[in-house]
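Here are some exercises to work through with the model open beside you. Try each task before you read its solution.

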Amino acid sequence: MAKLNMVQAINLALAQEMEKDADVLVLGQDVAVDGGVFRVTDGLLEKFGDQRVVDTPLAESGIIGSSIGMAMAGLKPVCEMQFSGFSYLMMGQFEAHATRMRSRTHGQITLPMVIRMPFGGGVRALEHHSESREVLFAHLPGAKVVIPSGPRNARALLVAAIRDPDPVVFMEPKHSYRAFREEVPDAEETLPVGKCQVVQEGTDLTVISWGAMMRPALKAAAEIEKRRGTSVEIIDVQTIAPLDAHTIAESVRKTGRCVIVQEAPRSYGASGEIVAQINDRALMHLEAPVKRLTGYDVVTPYFGREKSYLPNAERVVAGMEETLDF
Amino acid sequence: MPEKQIAKFSVTHLQVLDEKGKVDAALEPDLGQEQAVEMYRWMRLARTLDERMLKLQRQGRLGTFPPCTGHEAVSIPVGLAMKKGDWFAGAFRELGTRLVRGEPLTNTLHYYNGWEEGNILPDADLRILPTSVVIGCQIEHAAGLAYAAKYRGTDEAVVTFIGDGGTSEGSFHEGLNFAAVWKAPMVAIVQNNQWAISIPRETQTASETLAQKGIAYGIPVIQVDGNDPLAVWVAVNEALDRARAGDGPTLIEAVTYRLMMHTTADDPTKYRQSADEEAAWAKEPLIRTRKWLANKGWWDDAREEKLLAECKEQVDAAVEEFETPVERAHDESFRHVYGTEHAVIREQHEDFLANQEREGQRG
């Protein structure tokens, strides 16, 4: 057991899975010698050699397209998009092949592969480096989209993603990369792909979030508990697609009130789908409209302005108050 | 400091058998009667199936499909040169390669009649990927497959196809570049049939040849007469030998002509002259191959007649099997979204089945 940040925890997952399974390999721009621009793959080249830790040419479609080929041949590639902002160049391959191959061959060809990418704002990065675009992937049938929120679940979810029989887009909130540490057991630990985790049980209000927004959500929950004695249930979505609507609905049926915190722009975001699922499954249990605290439908501003655009704990607290007072 | 030339490139064109059936004895591969006849038989079978498919489509018995007539001198020798264990990552105009590699005729018929079942091989070890309808993606898949072959220390190779239009796609360049950097055992074949639907070769690229695009990636390239099965045979064997020897990928440009429409939904009279088509028909591959065999004393009218009858019989049988009604579950798609169980899919599956039941539909 060691206290690791998310970068180290993801590195641990990769190293342990590569140790265990010679079919697992890592590829992408700068992943080998440089160890990744965030050092997520640091040290893997030395441990596993350049046939398994592969610096590729700079071409996102080539990276995912060749990973698809590797997976068809039975390897388990973990490829990296250096930033999610560059991932749109792989969309053709992702939609036309990664998400569809199982279905169009009725399972004769499957693609066990992981596409890792850092995403989200808050680290004063260059333009095109700070967006949250998880739903672009999540909307595609056959896609699995996993988003960890801390070191421990990042490690456990990545191990599960590597072992998953389907392509998994593993989106790493880079604001959480080095923001805090957690105890991460050295022994194997996995979390299921396709399940939400109730990280705190409560009876009065459900708070739902994922990725970097879990921090302000947790902070706001603590604040509202202190202020009003509210018993808050907190759900970390972890898998955006396929969505575990049951865990969400079960919680809302119990609490009757719900706040969703999402970094991405509001319209067509995952929070909209969550509201729809609550509508389908728990409408008559609601005591108040479901409140969404989200990013805005604007182009993600460059870092000079980004902080004022990101949802924060204060806004979440205000949203909770509104929901509780409805 | 004087300027100096630091690199020099050239592109070779190979033709062994010309349109009149005249063969260059110095370049002629030693195929032998059996293999030579086998090659022609496959070419004729692919043509027969393609022609029948057009009739079926016009009669409303088959969906939209891209005819492959005129491409047999590329697809057949390539398929014959491949070995068991090799991967075929095709585009969509290589019916011949699919047949030679062991895909049942019925697969193509089912596929172009709207059923994913046509993508399913009787044996996954045939290693024939489904068609890549989206242009160019397969080159990148081939690079990854070839990487895997090398990673595992096998002598398997990967053959991939693209058209002249496809060479403008990013995936073509990215795939070639990846395979070249990895020295991966890949053979990429550009079927330059002069037309990308309505876009002619000269509108597609200002390059003098399509083969030269491979030079930019540091790999051997060659342009061959794509209506000449002997030139294709020579080039693809050299490329496969190179791949298996660990010397990396090769790009082969096979110059041919799309004698038919792009797909059955296309009308070429809108954009090209019938005189050009007629000139292209004079160069088509089957006539010259037959002449070559006849000149060698390996072929005659009687054998041709017998072959035509056999091909017809084979295609008849395939069409009969294809048109034999089978009950296919319409809810099949729900079973293959993921390799794991998920409630959202299960619930929608149940919803679908309830709709089917209510609407009185089968399956």
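**Exercise 1. Decide whether B:C137 is buried or exposed, and work out why this cysteine has no disulfide partner.**

Solution. Keep in mind that this is a predicted model.
- Step 1: the relative accessibility of B:C137 is 3%, and buried means under 20%, so B:C137 counts as buried.
- Step 2: look for the closest cysteine sulfur, which belongs to A:C79 and lies 15 Å from the sulfur of B:C137.
- Step 3: a disulfide needs sulfur atoms within 2.5 Å, so this pair is too far apart for a bond.

**Exercise 2. Repeat the reasoning for B:C311, then state how many disulfides the structure holds.**

Solution.
- Step 1: with a relative accessible area of 2%, B:C311 is buried.
- Step 2: B:C68 has the closest cysteine sulfur, and because 15 Å separates it from the sulfur of B:C311, a bond is ruled out.
- Step 3: over all chains, the count of disulfides is zero.

**Exercise 3. Trace the order of the seven strands in the open sheet of chain A, and find what packs on that sheet.**

Solution.
- Step 1: walking across the sheet gives β3-β2-β4-β5-β7-β6-β12 of chain A, with mixed pairing.
- Step 2: the edges are β3 (53–55) and β12 (239–241) of chain A, each of which pairs on one side only.
- Step 3: from one strand to the next, the twist averages 20°.
- Step 4: helix α1 (residues 6–20) of chain A packs on the sheet and touches β2, β3, β4, β5 (114–119) and β7 (168–173) of chain A. The direction of this helix makes about 130° with that of β2(A).
- Step 5: zoom in on one pair, β2 (residues 24–28) and β4 (residues 76–80) of chain A, which run parallel and are joined by five bridges. Here A:V26 has A:V78 in β4(A) as its bridge partner.

**Exercise 4. Describe how strand β7 of chain B is covered and which strands it pairs with.**

Solution.
- Step 1: β7(B) spans residues 221–225, and five of its five residues are buried.
- Step 2: sort the side chains by direction: B:V221, B:Q223 and B:D225 point one way, while B:I222 and B:V224 point the other way.
- Step 3: strand β1 (residues 13–14) of chain B runs parallel to β7(B) and is joined to it by two bridges; B:L14 is matched with B:V224.
- Step 4: strand β8 (residues 250–255) of chain B also pairs with β7(B) in the parallel sense, over five bridges. In that pairing, B:Q223 stands opposite B:E253.

**Exercise 5. Find the surroundings of B:H71.**

Solution.
- Step 1: B:H71 sits in the loop between α1 (32–58) and α2 (72–81) of chain B.
- Step 2: its relative accessibility is 1%, so B:H71 counts as buried.
- Step 3: leaving out residues up to four places away in sequence, B:H71 touches B:R93, B:Q191, B:N193, B:T256, B:Y257 and B:R258.
- Step 4: one of these, B:N193, makes a side-chain to side-chain polar contact with B:H71 at 3.0 Å.

**Exercise 6. Identify the residues with the most contacts inside the largest nonpolar core, and which helix gives the most to it.**

Solution.
- Step 1: this core has 78 residues, and those with the most contacts inside it are A:F94, A:I115, A:F137, A:V145, A:I248, A:I274 and B:M186.
- Step 2: helix α5 (residues 137–151) of chain B gives the most, with seven residues.
- Step 3: take A:F137 as an example; its contacts include A:M90, A:F94, A:V145 and A:M171.
- Step 4: a second, separate core has 69 residues, among them B:A36, B:L56, B:A73 and B:A231.

Notes:
Residues are numbered from 1 along each chain as its sequence is written. Chains are lettered from A and ligands numbered from 1 in the order in which they are written. This is a predicted model: local features need pLDDT of at least 70, side-chain atom pairs count only at pLDDT 80 or more; totals for chains, interfaces and linings use all residues. Side-chain values use heavy atoms; hydrogens and water are left out. Two strands pair if DSSP finds at least two bridges between them. Helices (H or I, at least four residues) and strands (E, at least two) are DSSP runs, numbered from the N terminus. Axes are lines fitted to C-alpha atoms, for helices over the stretch in contact, and angles run from 0 to 180 degrees between N-to-C directions. Contact means heavy atoms within 4.5 Å. A nonpolar core is a set of buried Ala, Val, Leu, Ile, Met, Phe, Trp, Tyr and Cys residues joined through side-chain atoms within 4.5 Å. Buried means under 20% relative accessible area, exposed over 50%, partly exposed in between (1.4 Å probe, protein chains only). A polar contact is a pair of N or O atoms within 3.5 Å; within protein, one must be able to donate a hydrogen and the other to accept it, and residues adjacent in sequence count only if both atoms are side-chain atoms.
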